[in-house]
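Visitor: I'm new to reading protein structures. Please pick one part of this one, take a close look with me, and then show me how charged side chains pair up.

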Amino acid sequence: MKLSLLPCALLLLLATGPGPGPWPAAGAQESCSQRCGDRGGLCSCHPTCFGLGTCCKDLREFCLEITPYSGSMMGGKDFVVQHLTWNIQTNVICRFKESVQTLGHVDNFGRVHCVSPLLYETGRIPFTLSMDNGQSFPRSGTWLAVHPSKVSEMEKSHLVNETRWQYYGTTDARGNLSLTWNTTALSTRSVSIELWGYEETGKPYSEDWTAKWSYLYPLATNVPNTGFFTFTPKPAPQNYQRWEVGALRIIGSNHYPGQKDVHALWSNEHALAWHLGSDFQADPVAWARDQCLNWERLEDTLPNFLEEVPDCPCTLDQARADSGRFHTDYGCDIEHGSVCTYHPEAVHCVRSVQASPRYASGQQCCYTKAGTQLLTSDSISGSTPDRGHDWGAPPFRAPPRVPGLSHWLYDVISFYHCCLWAPECSRYMLRRPSSDCRSYRPPRLASAFGDPHFVTFDGANFTFNGYGEYVLLEAVLTNLRVQARAQPRTRPNGTQDRGTGLTALAVQEGNSDVVEVRLAEGTGALQVLLNQQVLSFTEQKWMDLNGMFLSVSARDSVSIMLSSGAGLEVSVQGSFLSLTVLLPEKFLTHTQGLLGTLNDNATDDFTLRSGRVLPPTASSRELYQFGADWAVENASSLLTYDSRFLVNKFLYGPKHDPTFQPLFPEEITLNPNQEAEVAKLCGDNHFCSFDVVATGSLSVGNATRLAHESHQYRKQSLQPVVSCGWLAPPLNGHKEGTKYLKGSEIYFHCENGYSLAGAEVSTCLADGTWSSPTPTCQPGRSHAVLLSIIFGGLALVAVVTLLYVLLHRRKSNM
């Protein structure tokens, strides 16, 4: 359809709606200077212009692409601006977030370089570029600042035997320390190695609470850039000893000591045991105990953050399935060998994805091989909550929201003081107790997969072979929207299936970024778009975005974790996308769309926009009309239209194609030659059988079967579990058992000299209570004491008798 033939109303819609607007006139010229992201004017400066052929000619010169595009928030990463060459000697200034400036340069090949600054936040950082010594900044781009623990090992210096560095000065930790690095990461003949310290000053939770990195002193200058350095630590001067957390920085020797925002390599942040004063090395236990007591006194004056952190899942299966609210703790990951340094009895730990709303705190939950939760009340391997969330929290920068570092100051270094350097761990555990799971409520689960088939939050299921764009989920509670595009598959012979499948999914919550996951045209590979721009994951698999976190796995799977606790997982299953949506319980009665009305009542899941409800017995043709009723509207579309086909088919055309003739379940007739194969592959899985018939492909049916089984497994993992909570051992006694779920039994015993008053065993009942409270151990004649008295008395009688006999014999002999 030519644009000139479109009615006036439609032209107005295209000019103001989310699409690309009218095609530009041939040969139109307009600059992208300070217009990046703008799709108006004679030509476009929006990322979609590449596929539409509407870009301004100078787009790449002003809307910058950089390589590498990411680096540690500690700064010091040199990156090159692509597609921009500069042959004039000029001062280059790179400005980040309109406030932090670093000096760039132009190399011998005319390429423009910037150096990332030291930041106190993670995520996508906007930057602008000046080529006229700061008079104007017409060029713009985005830098991805990364949590230090997620930076590539090639980009860091490494503390050889890091544990020894952090125990230096304690028992058996003396001698030299060594540092290594990748020499190609710093193009200089000699380097300087510096110590930087991190601190947070001011009154906690007040406006003057400030985070600050400070240059302290050099360890060495003009060291050959060999990739190795060793030294014998000396106690730091008194004025430097207040810094207990820090990192080493390696820079070229041509820079002056402590010069900021220059090309550098940083080590991991760590406990500066090796740098502390002679009083620490003289008696590290006494020194650490004093620090532990000081921390304890400070903690008792701070707000109780434990009241707002989420409860832990009850089981390992729940923790791994609740991917919207909890994510793997990289320090204890069952999929990577379960190296749990701080939780040796655990095989897996998770952390709460979102920081708590007021205090920006975090939760940690650890589990045993048997799948039960580990509590600090039973073991020092138990999980501990965090006053400072390890990943930080927006708006970042101010404590305790600084990623990684606030957590180090308020949760990690205090663990060293109390548990690793001094035997005062009970003090730490008392103020960082594990959460049990009595208040935990699993999220609700819905899925869409295959041809496509939908399983609602309340368990209703149906097949809807619409060709178009549809609302899967809307929730006014947080203004959460999930939309999908469904298209038919083209067979190898060129014909189209009568079934369709999901090819693109987009999500936004409130004013968050918009993330879209789709199958790349022609390749079937997974493609992720952020605000309609294709993302690259060559450097980072995890991204901190506005209102969400995004994680990409190597198995063609994307996880989206929203600030509300909702989570989406999108993966490639066969020829189509498979979607899983997890919603916390607070979304009850707040959802609508193809995934149903979440209210624990499956009979109203087929609710039309008008509010009319189709019965659960509705025919497949009626359900087809239900699906069509939830077609997306142009004005509210989240999906991207960056090709002529997408624009013509889904933007200019109807959102639901009324001409498409779908295959309905009652029309399924198996070819006799297929029956045995389908029965063997699908069994009683009718979704699988339908897709084999709809597509003529066993592989498509198998992908559908696997997706459905994955949904069922996760649903089973998320079943509610009754917990009775931790049960204390008796005073002057002990208990056997650390599992507190329904049916668990705890046995009690008393120490010698005490007798048990109360039940010897307590069972966790279905109503979440224990059958008996913890008994008491009372001083008295326990069985052991009575037996010792009896046998002791018998022994005394025997001795007296023996003496009498011996004396009697002696008297007789005399």
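Guide: Let's start with one contact: I746 has S762 as its bridge partner, and S762 sits in β38. Before going on, this is a predicted model, with residues numbered from 1 along each chain as its sequence is written. Local features need pLDDT of at least 70 and side-chain atom pairs 80 or more, while totals for chains, interfaces and linings use all residues, and side-chain values use heavy atoms, leaving out hydrogens and water.

Back to our strands (DSSP runs of E, at least two residues, numbered from the N terminus). β36, residues 745–750, pairs with β38 in the antiparallel sense over 3 bridges; to pair, two strands need at least two DSSP bridges between them. Zoom out a little and you get an open sheet of 3 strands, ordered β35-β36-β38, with antiparallel pairing. β35 (733–736) and β38 (761–763) are its edge strands, each pairing on one side only. On average, neighbouring strands here are turned by 25° against each other, direction ignored; the axes are lines fitted to C-alpha atoms, and angles run from 0 to 180 degrees between N-to-C directions.

Now for the charged side chains. A salt bridge is a side-chain nitrogen of Lys or Arg within 4 Å of a carboxyl oxygen of Asp or Glu, and by that rule the count is 36. Take E424 and R289: their closest N and O atoms are 2.8 Å apart. This pair links distant parts of the chain, 135 residues apart, with E424 in the loop between α8 (405–420) and α9 (425–431) and R289 in helix α6, residues 284–299. Helices are DSSP runs of H or I, at least four residues long. E424 is buried at 13% relative accessible area, whereas R289 is partly exposed at 29%. (Buried is under 20%, exposed over 50%, partly exposed in between, with a 1.4 Å probe and protein chains only.)

D411 and R432 make another salt bridge, at 3.0 Å between the closest N and O atoms. Here D411 lies in helix α8 and R432 in the loop between α9 and β20 (444–449), 21 residues apart. D411 is buried at 3%, and R432 counts as buried too, at 0%.

One more pair is D657 with K649, whose closest N and O atoms are 2.7 Å apart. D657 is buried at 9%, but K649 is partly exposed at 22%. Finally, shared partners join R289, E296, D300, E424, R427 and R431 into one salt-bridge network.
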